[in-house]
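Reader: I'm new to this one and would like to go through its pockets and its ligand. Could you put it up so we can talk it over?

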Amino acid sequence: MYTSRISGLGHFVPENIVTNEDLSKLMDTNDEWIQERTGIKERRWIEKGSDETSASMGAKAAKIAIAKAGIDKDDIDFIIFATLSPDMYFPGCGVQIQDMLDLPTIGALDVRNQCSGFVYALSVADQFIKTGMYKNILVIGSEFHSGGLDISDRGRGVSVIFGDGAGALILTRSDDEKRRILSTHLHSEGKHAKELTVEGPSIAHWVPEILNNPDDISYYPYMNGTFVFKNAVVRFSEVIMEGLLTNGLTPADINMFIPHQANLRISQFVQKKFKLRDDQVYNNIQKYGNTTAASIVIALSEAWEEGKVNKGDLVVLAAFGSGFTWASAIIRW
Ligand code: ACO
């Protein structure tokens, strides 16, 4: 059986920086509350009036990943795109990438697993590589949150958290038994779907119904933050342990932990639980906020660029989010 390795990474974030201070001019919030609860100092939001989207940011990140992998774009034989903020209701962003990058008429798949979306996408790619079906898969996570947030006092509990951005990687067929994706682990618990959701518009609750009711704000994200937080810390820990045990490893074997950037307090809780040093955990939520399906791959791309992920390192990715869904990937770099 083949193995898969990450051969190139790239990321892109919009230039427009929105600080906590900027938000305090739009809604009843303040820097102290946001930093204390989430660790976020600033985030990137696509400038109003710009034609940037999840797909266009994904394409920019993908171009960098392709160049870093040292392959030609025509060597890519499958696209997987993870997002909760697609450009269109349908078709998905994957086909837009095929067009934007002028790729051959290869398959394109969209993954709708929110904060866990990137690890799910990576897992799907890993299976396709291991079975020998594909040699180079472009995996993208991208989010354009700012266009769909409630920027008012009413929405402050959610809107201060989220940022825009994209990351991409190339997963490549290999025969190296040591340096590879060792395993991935995927979970869900749909009974909690309503705790973190955007309900409308949906086919069951279509646009005219929403427009007819001024109190209907089902198109804005709803989050039961405390409930999400409590579940996140448990599931993060479980799915990391599951990954380590599957490979006969322990927390002491981890060289670099890259958590989904949901909230710095969640990452710190997990860091403490696994007794990891600060230099063994990569966090960038302070400058980008929560970029959902893009957060892990942006962080991985930055860590790689900064030389913090090196040959032979045990790299652990883990995510938790809406669905609920949660996932981990254990990688020998
Ligand atoms: N600024 C100032 N005050 C605020 C703000 C704000 N932006 N937002 C809420 N408050 C107020 C509330 O109104 C409340 O006031 P009250 O006590 O007078 O009623 C108070 O602050 C506390 O609000 P809580 O919601 O209880 O705050 P909490 O400590 O739970 O923190 C937070 C909220 C940061 C959202 C936290 O619950 C969290 O991070 N949860 C997990 C988020 C997460 O991981 N999501 C998963 C990924 S997202 C995805 O999958 C799409």
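Reader: Which domains does the lining of the largest pocket draw on?
Author: In this predicted model, that lining takes at least three residues from each of domain 1 (3-174) and domain 2 (180-332), with bounds that come from an automatic or database domain assignment. Residues are numbered from 1 along each chain as its sequence is written, local features need pLDDT of at least 70, side-chain atom pairs count only at pLDDT 80 or more, totals for chains, interfaces and linings use all residues, and side-chain values use heavy atoms, with hydrogens and water left out.

Reader: OK, and where does the ligand lie?
Author: The ligand lies between domain 1 (3-174) and domain 2 (180-332), because both give residues to the shell around the ligand.

Reader: Which residues come nearest to it?
Author: Of the 25 residues around the ligand (those with a heavy atom within 4 Å of it), Thr29, Arg37, Cys115, Arg156 and Asn263 come nearest.

Reader: What about Asn263, how far is its side chain from the ligand?
Author: An N or O atom in the Asn263 side chain is 2.5 Å from an oxygen atom of the ligand, while for Trp33 a polar side-chain atom lies 3.1 Å from a ligand oxygen.

Reader: And which helix gives the most to the shell?
Author: That is H8, with four residues; helix H8 spans 225-246, and helices here are DSSP runs (H or I, at least four residues), numbered from the N terminus.

How values were computed: A polar contact is a pair of N or O atoms within 3.5 Å; within protein, one must be able to donate a hydrogen and the other to accept it, and residues adjacent in sequence count only if both atoms are side-chain atoms. Helices (H or I, at least four residues) and strands (E, at least two) are DSSP runs, numbered from the N terminus.
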